[in-house]
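This note is written for a colleague who is meeting the structure for the first time. Please keep the sequence and the model at hand while reading the numbered points.

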Amino acid sequence: MRFSRKLATVAIAALAFTGLAAPAASAYNYAYDSDGDRLLDIWEIEGYDYNGDGYIDIDFPALGADPYHKDIFVEMDYMPGLMASEAELDTIVDTFAQMPLWNPDGRTGINLHLDAGSIYPRYDLGGGNQVPHQGFTNLGDVHDLRAIHSDIARYRTFHYMIWGDYHGTNGSSGAGNLNGRVFTVTVGPTHWGHASSPIRIGTFIHELGHNLGLEHGGDDSVNYKPNYTSIMNYKYQLEGLRRSDGSIYYGYSTSEGMTMNEAAIIETRGIGQQGRGFSIRYGNRYWNAHQGIDFDGDGRVESRPQRIDINKDGRISQLSAPNDMEMIQFQPQHFFYRNASTVEVNEMTADKARDMGYLPAE
């Protein structure tokens, strides 16, 4: 398709390459990114000419992009037999659609566009390939496969991931570039056996969360905070959060919770109002999270302040519970082959999953 605004495209592409966000725009304003998803309005309305040669390389309108509703595009390659099921992909997409993020069209949520290729016609956006089985040493291996199997025109606008078998030697569940566009989910049979659907769903959303700028503690790396009700938290990554109606929440935190001072924990408060509607596992049972939790496992839920290391990291500290919705960062248009962003460390491993009861003992 010939793009009639070639000069405008080149100018806008130059603006986008700086990574600067344009101000909110009125209807059909080509130069801006009205919904703040780092996909310019002109791309979402007329398509993306990545090299400025006058030809559309990615027909975003045909792929369902909307200039007034946040979109994320993810190309998913996969090793033989390791692609998630359609039902699992449906849950992932619905989780993003339900996020309470404002859009100029008046509706909340993120439209997550997953490209699995021809394996699932409903999720075929023209990419998505089976790749040879291998183990990953680090995310550089994933970047190498992207260079082989993905169209370079997608580098600035799509996230790229692989449903793989294993990462490193300790059975890591995956890895993601923090504030980048590449991640992997590696809960395959070598270390994880037959991983459950919650493990696959939770790990995908967790690793994509790193791309969106979220750490294991939201805005810090402090992990296992029971009051941080987010899939970014290892405490919830592999199971999600149980709602009182029996459903499972696999998303990011949607409000700021009570900071918990481990030097003066009052068990009868649970994790505060952040936990309303959730039942969380602590010890050998589930607790109504806002009504009281036996954090020290002594058989009593006490109203007096106690010194308890509730996230079991060997320190007594203040545990924050930030709102992920205020921290999500849609990524600038990275062009370079290897993204220079950092990789989140302190991995969730298969051994940790077994210790937590999410995998059978070997």
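The points below go from the overall fold to two helices, then to the enclosed and open spaces, and end with individual loop residues.

1. Overall content. The model is predicted. Its secondary structure amounts to eight helices and 13 strands. The protein has 362 residues, and 55% of them count as buried. Among contacts between residues at least 6 apart in sequence, 66% join residues at least 24 apart.

2. Length of helix 3. Helix 3 comprises residues 86-97. Its 12 residues should span 16 Å at 1.5 Å a residue, and the end C-alpha atoms are indeed 16 Å apart, so the expected and computed spans agree.

3. The buried side of helix 3. Which residues of helix 3 are buried? They are E88, L89, I92, T95 and F96. These residues cover an arc of only 120 degrees around the axis, and therefore lie on the same side of helix 3. The general background is that an α-helix has 3.6 residues a turn, so residues three or four places apart point the same way. As for their partners, the buried residues of helix 3 pack against strand 1 (71-78), strand 2 (111-115), strand 4 (159-163) and helix 6 (197-211).

4. Helix 6. This partner of helix 3 has 15 residues and reaches 22 Å from its first C-alpha to its last, close to the 21 Å expected at 1.5 Å a residue. Of the 15 residues of helix 6, 13 are buried, so the helix is largely enclosed by the rest of the structure. The residue that follows helix 6 is G213, which has a positive phi, near 90 degrees.

5. Cavities. Rolling a probe the size of a water molecule over the atoms shows where empty space is left. In this structure there are four cavities of 30 Å³ or more, and the largest has a volume of about 80 Å³. The lining of the largest cavity consists of D37, L39, D71, I72, F73, T157, H159, R181, L212, F330 and Q331. Strand 1 contributes the most to this lining, with three residues. By class, the lining holds five nonpolar, three polar and three charged residues.

6. The largest pocket. About 630 Å³ of space lies in the largest pocket. Its lining is formed by 31 residues, and Y224, K235, Y282, K312 and M356 are those nearest its centre. Two or more lining residues come from each of helix 7 (234-237), strand 8 (241-243), strand 11 (278-282), strand 12 (285-288) and helix 8 (350-355). Which element gives the most to the lining of the largest pocket? Strand 11 does, with four residues. The lining divides into 11 nonpolar, nine polar and 11 charged residues.

7. The second largest pocket. This pocket has a volume of about 200 Å³. It is lined by 16 residues, with G81, L82, V187, G188 and R200 nearest its centre. The class division of this lining is eight nonpolar, six polar and two charged residues.

8. The loop between strand 6 and strand 7. N177 lies in the loop between strand 6 (174-176) and strand 7 (182-185). Is N177 buried or exposed? Its relative accessibility is 2%, below the 20% cut-off, so N177 counts as buried. N177 and G213 are 36 residues apart in sequence, and their C-alpha atoms are 8.8 Å apart in space. N179 is placed in the loop between strand 6 and strand 7 as well. With a relative accessibility of 26%, N179 counts as partly exposed, because that class runs from 20% to 50%.

9. Positive phi outside glycine. Most residues other than glycine have a negative phi. N179 is not a glycine, yet its phi is positive, about 60 degrees. K312 is likewise not a glycine and has a positive phi of about 55 degrees. K312 is located in the loop between strand 12 and strand 13 (318-319). Its relative accessible area is 59%, over the 50% cut-off, so K312 is exposed. K312 is also one of the lining residues nearest the centre of the largest pocket.

Key:
Residues are numbered from 1 along each chain as its sequence is written. This is a predicted model: local features need pLDDT of at least 70, side-chain atom pairs count only at pLDDT 80 or more; totals for chains, interfaces and linings use all residues. Side-chain values use heavy atoms; hydrogens and water are left out. The expected span of a helix is 1.5 Å times one less than its number of residues. Buried means under 20% relative accessible area, exposed over 50%, partly exposed in between (1.4 Å probe, protein chains only). The arc is that of the directions from the helix axis to the C-beta atoms. Contact means heavy atoms within 4.5 Å. On a 1 Å grid over the protein atoms alone, a cavity is a set of points where a 1.4 Å probe fits but cannot get out, and a pocket is an open set with protein on both sides within 12 Å along at least five of seven lines; lining residues have an atom within 4 Å of a point. Grid points are joined across faces, edges and corners, and a volume is the space filled by probe spheres set on the points. Ala, Val, Leu, Ile, Met, Phe, Trp, Tyr, Cys and Pro count as nonpolar, Asp, Glu, Lys and Arg as charged, and the others, Gly among them, as polar.
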